[in-house]
Structures are given as structure tokens and as C-alpha cells.
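Open the model in your viewer and keep the selection tool at hand. The tour goes stop by stop: what to select, then what is there.

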Amino acid sequence: MRMMRAIKQGQWAILLWPYLLTTSIPLDCRDEQGGLSRCPSISQEKLLDRVIQHAELIYRVSEESCSLFEEMFIPFPLQLQRNQAGYPCITKALPIPSSKSEIQQISDKWLLHSVLMLVQSWIEPLVYLQTTLNRYDGVPDMLLNKTKWVSDKLMSLEQGVVVLIKKMLDEGLMTTTYSEQGLFQDDGQPEMLEYVMRDYTLLSCFKKDAHKMEILLKLLKCRQNDIHSCA
């Protein structure tokens with residue numbers, strides 16, 4: 001059994017390496033003093049391209065993380081019950097357009113602010129996830145590395161989106177007013193199954209929102225290129 005698990009972990013490692021080693025599109029906007037002085041020197045077009053590619057990578061690795069967690073810890077009957085577990089996505093209350101028609105109707109300004117709201121709302125939960133995964137017996141290092149990688153890249157994505165907003169809209173920062181207090185409140189010592197289903201929902205919801213970030217950014221790119229058939 002241990003040998004089979006090691007083989008599976010090795011297979012996932014091979015799949016993930018291309019993403020973990022992708023450093024050809026850095027998006028670290030902060031200088032040595034912590035200010036956002038690096039990305040402003042990049043053209044708006046190139047910065048948008050880098051932000052999009054960061055979002056693409058984040059979505060791909062989040063998808064792999066969710067699948068690996070599911071394979072390791074979620075029996076199939078529990079997969080079917082996930083939507084009935086009472087754990088709504090933490091960004092459900094955010095005013096993010098969801099339907100295709102809503103997305104098409106919003107302005108470029110709201111596209112960017114929607115992405116920023118999603119990014120900022122997930123930074124703390126992903127840090128929280130790093131601590132909860134340590135409760136598991138036999139959690140593979142590959143899963144820990146993936147979630148840590150996504151968490152770090154999400155903060156870089158936030159920096160890039162903030163600078164992009166300043167470049168395109170000439171505006172200051174926008175912060176979210178959404179509170180994740182309900183997710184992080186101390187609820188005693190829940191059963192292990194409670195932790196597992198909560199973390200599974202967290203990963204599943206983040207995968208969904210990461211895909212939405214990617215879609216919104218690509219729509220913005222489409223609009224910037226004066227393509228009238230953007231969908």
C-alpha cells in the first residue's frame with residue numbers, strides 16, 4: 001500500500017513539475033522597500049499578459065491540488081455528499097457577476113475589481129489551509145507543496161492586478177469588505193471528517209474561483225484588443 005501511494009505521489013510530481021518550475025513570467029511587483037515599483041515599468045499590455053498567465057497557472061495547479069486531495073482523502077460516497085455538507089463557498093456573498101450575460105455587461109473597471117476581490121478574499125483562506133493540512137496523517141508533500149505554491153502565486157497575482165488597475169484606470173487600491181470570520185472562528189474540536197469536508201470544499205471553491213479569475217482577465221484582454229465578439 002505504501003509503495004502504491006509512493007508511486008502515485010511520484011506520478012503527481014511529474015505532472016506538477018512544469019508548473020512549479022515555471023518562472024519565465026515573474027510577477028513580483030514589490031521592490032526591496034516593499035513598494036510596488038517594479039511592475040509599473042512594464043507596459044500595460046505585457047503586464048496584462050503576465051497577470052493572465054499567472055491566473056492560468058494558478059487555476060491549473062489548484063485543479064491538480066483538488067484532484068489529489070480528493071484521491072487521497074475523499075471516498076466516492078462523500079464526493080456525492082459534498083454539496084449537501086453545509087459549507088457554501090466563502091466568496092458566495094461577493095458581488096461577482098456569475099452568468100455569461102452579466103459578465104458581458106460589466107465594465108472593464110468592474111472586471112478588474114471583481115478579479116481583485118476574488119484574489120484578496122482567497123489569500124487568508126489559503127494560508128489557513130496550510131495549517132489545517134498538517135492535521136492529516138500521511139498527507140503527501142506534493143499536496144503541501146502545491147497549496148503553498150498557489151498561495152504564494154496568489155499574492156503575486158494580487159500585486160499585478162493592483163498595478164494593472166492603477167495603469168488602466170488611474171485609481172487607488174480597492175480592498176474587499178467581505179469577512180471570512182465564519183470560516184475561521186473557533187468551533188472547538190470537530191471530528192476529522194468535519195475537517196476533511198471543510199478543506200475539500202475550500203479547495204473545490206477556490207478551483208472554481210481561480211477559473212473565474214482567468215475567464216474575467218481573458219475577457220478584459222479581448223476587450224483591450226478591440227475584439228467585438230468577446231464572449
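**The whole chain**

Start with everything selected: the chain's secondary structure comes to eight helices and zero strands. Helices (H or I, at least four residues) and strands (E, at least two) are DSSP runs, numbered from the N terminus. Follow the chain from the N terminus and the elements run α-α-α-α-α-α-α-α. The model is predicted, so local features need pLDDT of at least 70 and side-chain atom pairs count only at pLDDT 80 or more, while totals for chains, interfaces and linings use all residues. Residues are numbered from 1 along each chain as its sequence is written, and side-chain values use heavy atoms, with hydrogens and water left out.

Now colour by accessibility. Of the chain's 231 residues, 47% count as buried. Buried means under 20% relative accessible area, exposed over 50%, and partly exposed in between (1.4 Å probe, protein chains only).

**Stop 1: H2 against H6**

Select helix H2, residues 44–73, and helix H6, residues 141–169. Two packed helices are described by the angle between their axes and the distance between the axes. Here the axes of H2 and H6 come within 9 Å and cross at roughly 155 degrees. That makes H2 roughly antiparallel to H6. Axes are lines fitted to C-alpha atoms, for helices over the stretch in contact, and angles run from 0 to 180 degrees between N-to-C directions. Angles under 35 degrees count as roughly parallel, over 145 as roughly antiparallel, 65 to 115 as roughly perpendicular and the rest as oblique.

The crossing of H2 and H6 is left-handed: the near helix is turned anticlockwise from the far one by less than a right angle (clockwise would be right-handed). Show the side chains in this contact. By class, the contact of H2 with H6 has 20 nonpolar, seven polar and four charged residues. Ala, Val, Leu, Ile, Met, Phe, Trp, Tyr, Cys and Pro count as nonpolar, Asp, Glu, Lys and Arg as charged, and the others, Gly among them, as polar.

Stay in H2 and pick His54. Is His54 buried or exposed? At 4% relative accessibility, His54 counts as buried. Add Lys153: His54 and Lys153 are 99 residues apart in sequence, yet 7.4 Å apart in space, C-alpha to C-alpha.

**Stop 2: H5 against H6**

Keep H6 and add helix H5, residues 108–132. The axes of H5 and H6 come within 9 Å, crossing at roughly 155 degrees. H5 and H6 are therefore roughly antiparallel to each other. Their crossing is left-handed. The contact of H5 with H6 has 20 nonpolar, five polar and three charged residues.

Next, pick Glu124 in H5. At 44% relative accessibility, Glu124 counts as partly exposed. Glu124 and Ser151 lie 27 residues apart in sequence and 8.9 Å apart in space, C-alpha to C-alpha.

**Stop 3: H6 and H8**

Hide H5 and show helix H8, residues 192–224. The axes of H6 and H8 come within 13 Å and cross at roughly 30 degrees. H6 and H8 are therefore roughly parallel to each other. This crossing, too, is left-handed.

**Stop 4: the cavity**

How many cavities of 30 Å³ or more does the structure hold? It holds one. On a 1 Å grid over the protein atoms alone, a cavity is a set of points where a 1.4 Å probe fits but cannot get out; lining residues have an atom within 4 Å of a point. About 30 Å³ of space lies in the largest cavity. Grid points are joined across faces, edges and corners, and a volume is the space filled by probe spheres set on the points.

Select Ser65, Leu126, Leu129, Thr147, Val150, Leu203 and Phe206 to see the lining. H5, H6 and H8 each give two or more residues to that lining. By class, the lining has five nonpolar, two polar and no charged residues.

**Last stop: a loop**

Pick Ser98, in the loop between helix H3 (76–81) and helix H4 (100–105). At 54% relative accessibility, Ser98 counts as exposed. Then add Lys212: Ser98 and Lys212 are 114 residues apart in sequence and 8.7 Å apart in space, C-alpha to C-alpha.

Conventions:
On a 1 Å grid over the protein atoms alone, a cavity is a set of points where a 1.4 Å probe fits but cannot get out, and a pocket is an open set with protein on both sides within 12 Å along at least five of seven lines; lining residues have an atom within 4 Å of a point.
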